[in-house]
Amino acid sequence: MTRRLVATDYGSPAQVLSVIDADDPVAGDGHVVVAVAAAGLNPFDVKRVQGVMSTDPNALPLAIGGEAAGTVAQAGPGTDLVVGDRVAVYPVSGAFAEQIVVDAAAAHPIPDGASTEAAAGLLLAGVTAYDTVATLDIGADDVVLVHGGSGAVGSIAVVLAAARGATVIATASQANHDHLRDLGAVPVAYDGDLAAAVADASPGAITAVIDTVGTDVAIDVSLQSVSPDRIVSIAAWGRGDDGIVLLNGSSESSRANRRAAVAPLLDALADGQITVDIAGTFSFDDAAQAFDALDGRHPRGKYILTP
Ligand SMILES: NC(=O)c1ccc[n+]([C@@H]2O[C@H](COP(=O)([O-])OP(=O)(O)OC[C@H]3O[C@@H](n4cnc5c(N)ncnc54)[C@H](OP(=O)(O)O)[C@@H]3O)[C@@H](O)[C@H]2O)c1
């Protein structure tokens, strides 16, 4: 049997999360079974459990978890992977399980030099960040404003934009300003007059905005600086009428960007260009603590779940 973390209903994680036993998965053609060592927790998982995305009773018990890492335990016919390979798994649904069966195309070898735990928390945020930077075609002439530059997506977006030679300014809490400087961004506080703080920090006219926060003030300040088509947001779902570019991986170009991102992100993790800070590691049995922490103000870094 394999242990799976599921939600038996929608609501508070402490009340609805449950660890259940399920049949061991079997790897068919083109598929692999991965023994999960670690899985990354993302805001999307929290919102799904809370019923923010849907409260469909037919989806219960709800399989949760959008990324994981571990070792190949079974390799079906027609795959290049072999038992024992260390892989990061993305995309996947139901990653919070001891063993998962996935299309081999979603199991990506982890290069030497990258830890399994960091790889488990890299790809969902990483491909999203890569998508924002690629969609804006950020280059050396850009001055980029990143809202939420200390978050999982925002911090990788800062690194990728800076690596393209752009000047980057990014919002974060004061406690994360040194970290933003380390990543190559000019830090900006978001708790005062945001427009004035951005204007003070910016060495030139802003040419592009990456929003990972979705607040009205973040979008309003952005619209004062650039045209809507130079603002991409992964969170401001209520502001589509402003003409900004909303990205969730559903468009053809967004899907292509995210596919293209996986190998370079894993390489960047291995060579240290990207780091994945770990805010905390929790077993499936204690997972509600991680869900609750991610739902509020939380220390920088990813929450990792282990079977
Ligand atoms: N559309 C997509 O494809 C997609 C994909 C992944 C994630 N998302 C969404 O993107 C959002 C961010 O995800 P994440 O994984 O990066 O979350 P995260 O790691 O929790 O980061 C969120 C960051 O936002 C910052 N923040 C909070 N309030 C803020 C404010 N008022 N102004 C500026 N920054 C603020 C926090 O910075 P401080 O701690 O420094 O205050 C925090 O680090 C979530 O809503 C998530 O659901 C969307």
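Reader: In this predicted model, does Asp220 count as buried, exposed or partly exposed, and what is the reason?

Author: In the predicted model, the relative accessibility of Asp220 is 34%. Because buried means under 20% and exposed means over 50%, a residue with this value falls in between, and Asp220 therefore counts as partly exposed.

Reader: Which arginine meets the side chain of Asp220 in a salt bridge?

Author: The salt bridge made by Asp220 has an N to O distance of 2.8 Å or less, namely 2.7 Å. The pair links distant parts of the chain, 19 residues apart, with Asp220 in helix α8 (residues 216-225) and its partner in the loop between β13 (231-233) and β14 (245-246). That partner is buried, since its relative accessible area is 12%, and the residue is Arg239.

Reader: Which residues are linked with Arg239 in a network of salt bridges?

Author: Arg239 also forms a salt bridge with Asp242, where the closest N and O atoms are 2.6 Å apart. Asp242 has a relative accessibility of 30% and so counts as partly exposed. Together with the bridge between Asp220 and Arg239, this contact belongs to a network in which Arg239 is linked with Asp216, Asp220 and Asp242.

Reader: How many residues apart in sequence are the parts that the pair Asp131 and Arg258 ties together?

Author: The side chains of Asp131 and Arg258 meet in a salt bridge, with 2.8 Å from N to O. Asp131 lies in helix α4 (residues 123-135) and Arg258 in helix α9 (residues 252-270), so the parts tied together are separated in sequence by 127 residues.

Reader: Are Asp131 and Arg258 buried or exposed?

Author: The cut-off for a buried residue is a relative accessible area under 20%. Asp131 has 0% relative accessibility and therefore meets it, and Arg258, at 11%, meets it as well. Asp131 and Arg258 thus both count as buried.

Reader: What radius of gyration does the protein chain have, beside that of a compact globule?

Author: The C-alpha trace spans about 60 × 40 × 35 Å along its principal axes, and the chain contains 10 helices and 16 strands. Buried residues account for 50% of its 307 residues. A compact globule with 307 residues would have a radius of gyration near 19 Å, and the chain agrees with this, because its own value is 19 Å.

Methods. Residues are numbered from 1 along each chain as its sequence is written. This is a predicted model: local features need pLDDT of at least 70, side-chain atom pairs count only at pLDDT 80 or more; totals for chains, interfaces and linings use all residues. Side-chain values use heavy atoms; hydrogens and water are left out. Helices (H or I, at least four residues) and strands (E, at least two) are DSSP runs, numbered from the N terminus. The radius of gyration is taken over C-alpha atoms; the globule rule is 2.2 Å times the number of residues to the power 0.38. Buried means under 20% relative accessible area, exposed over 50%, partly exposed in between (1.4 Å probe, protein chains only). A salt bridge is a side-chain nitrogen of Lys or Arg within 4 Å of a carboxyl oxygen of Asp or Glu.
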